[in-house]
Amino acid sequence: MSKNLLPLILLLFITQVSFAQKKWRRYKSKPGNFKVKLPVKPTLKERKDQYIVEAESEGVLYQILFNKTRQNNDLKVAQKLVSKELDKVRRDLRLKEELRIESNMGTLMLGLPVQGIRFRNQRNQLYQYRVLVTKYHTYHFIITKYNKILDKARSAKFFGSFKLWKKEK
């Protein structure tokens, strides 16, 4: 019995070590004026006036969409812009498939208001979506999980590691 147990223990140990070695690395975006930690090296796509930073690891897709916008840094103005942006996304997504909204929240990120929403589609994919409006950029953060459970530590690491690269004046 103990001979069969030893290989299982070794397998569990090796698996835990390999997960522990997956170190998140900092990525800097000059056009977006930000830095963020991601589990793998991201790709950068450019479409008209919008950029998309995308990284996929272990069934989780991390995206930051951003574009340059000249906005007033007033918190009330930013809250209205964020709410308007989320309403637009919800309208667009509802046309394609039925969504179950799990939570809708507002918080602060970099001292600015962030509006977020968590929802699932018909295939039970989980989406976390946040919008941040700074003085010169609008950022959209999207995490898509392809199975039922999203590790809260990963999403907290992604959202919490976002910083502006240079202070906006």
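Here are a few worked exercises on this predicted model.

**Exercise 1. Get an overview**

Work out which elements the chain has and in what order they run.

*Solution.* Start with the tally: the secondary structure comes to 3 helices and 10 strands. Next, walk along from the N terminus, and you'll read α-β-β-β-β-β-α-β-β-β-β-α-β. Now look at burial: of the 169 residues in the chain, 40% are buried. The surface comes next, with about 11000 Å² exposed, and carbon and sulfur atoms supply 55% of that. Finally, take the contacts with a separation of 6 or more: residues 24 or more positions apart account for 50% of them.

**Exercise 2. Explore the largest nonpolar core**

Find which residues of the largest nonpolar core touch the most other members, and which elements give two or more residues to this core.

*Solution.* This core has 21 residues, and Phe 34, Ile 64, Phe 141, Phe 158 and Phe 162 touch the most other members. The elements giving two or more residues are strand 2 (34–38), strand 4 (50–57), strand 5 (60–68), strand 7 (112–120), strand 9 (137–145) and helix 3 (152–160). Strand 5 gives the most, with 4 residues.

Now zoom in on Ile 64. Leaving aside residues up to four places away in sequence, Ile 64 touches Phe 34, Val 36, Tyr 51, Ile 52, Val 53, Tyr 139, His 140, Phe 141, Phe 158 and Phe 162. Apart from the largest core lies another one, of 10 residues, and its members include Ile 52, Leu 99, Phe 119 and Tyr 127. As background, nonpolar side chains tend to be buried together in soluble globular proteins.

**Exercise 3. Track down the salt bridges**

Find how many salt bridges there are, and say whether Glu 54 is buried or exposed.

*Solution.* The count comes to 2 salt bridges. One of them joins the side chains of Glu 54 and Lys 45, at 3.3 Å from N to O. Glu 54 has 19% relative accessibility, so this residue counts as buried, the cut-off being under 20%. Lys 45 is at 34%, so this partner counts as partly exposed.

Then turn to Arg 154, which forms a salt bridge with Glu 58; their closest N and O atoms are 3.0 Å apart. Arg 154 sits in helix 3 and Glu 58 in the loop between strand 4 and strand 5, so the pair ties together parts that are 96 residues apart in sequence. Check their accessibility too: Arg 154 is at 22% and counts as partly exposed, and Glu 58, at 34%, also counts as partly exposed.

**Exercise 4. Follow the strands**

Find how strand 3 and strand 4 run, and how many bridges join them.

*Solution.* Strand 3 (residues 43–47) and strand 4 run antiparallel, joined by 5 bridges. They form a hairpin with 2 residues between them. In the turn, Lys 48 has a positive phi of about 45°. You've already met Lys 45 as a salt-bridge partner of Glu 54; in the hairpin, the bridge partner of Lys 45 is Ile 52 in strand 4.

**Exercise 5. Sort out an open sheet**

Which strands are the edge strands of the sheet with the order 1-2-10?

*Solution.* This is an open sheet of 3 strands with antiparallel pairing. Strand 1 (25–29) and strand 10 (163–164) are the edge strands, as each pairs on one side only. Strand 2 pairs with strand 10 over 2 bridges, in the antiparallel sense. Here Phe 34 turns up again: its bridge partner in strand 10 is Leu 164.

Conventions: Residues numbered from 1 in each chain as written. Predicted model: local features only at pLDDT ≥ 70, side-chain atom pairs only at ≥ 80, totals over all residues. Heavy atoms only, no water. Core = buried A, V, L, I, M, F, W, Y, C linked by side-chain atoms within 4.5 Å. Buried < 20%, exposed > 50% of the residue type's maximum accessible area, 1.4 Å probe, protein only. Contact = heavy atoms within 4.5 Å. Salt bridge = Lys/Arg side-chain N within 4 Å of Asp/Glu carboxyl O. Areas by Shrake-Rupley, 256 points an atom, 1.4 Å probe, with all protein chains shown as cover. Pairing = 2+ DSSP bridges.
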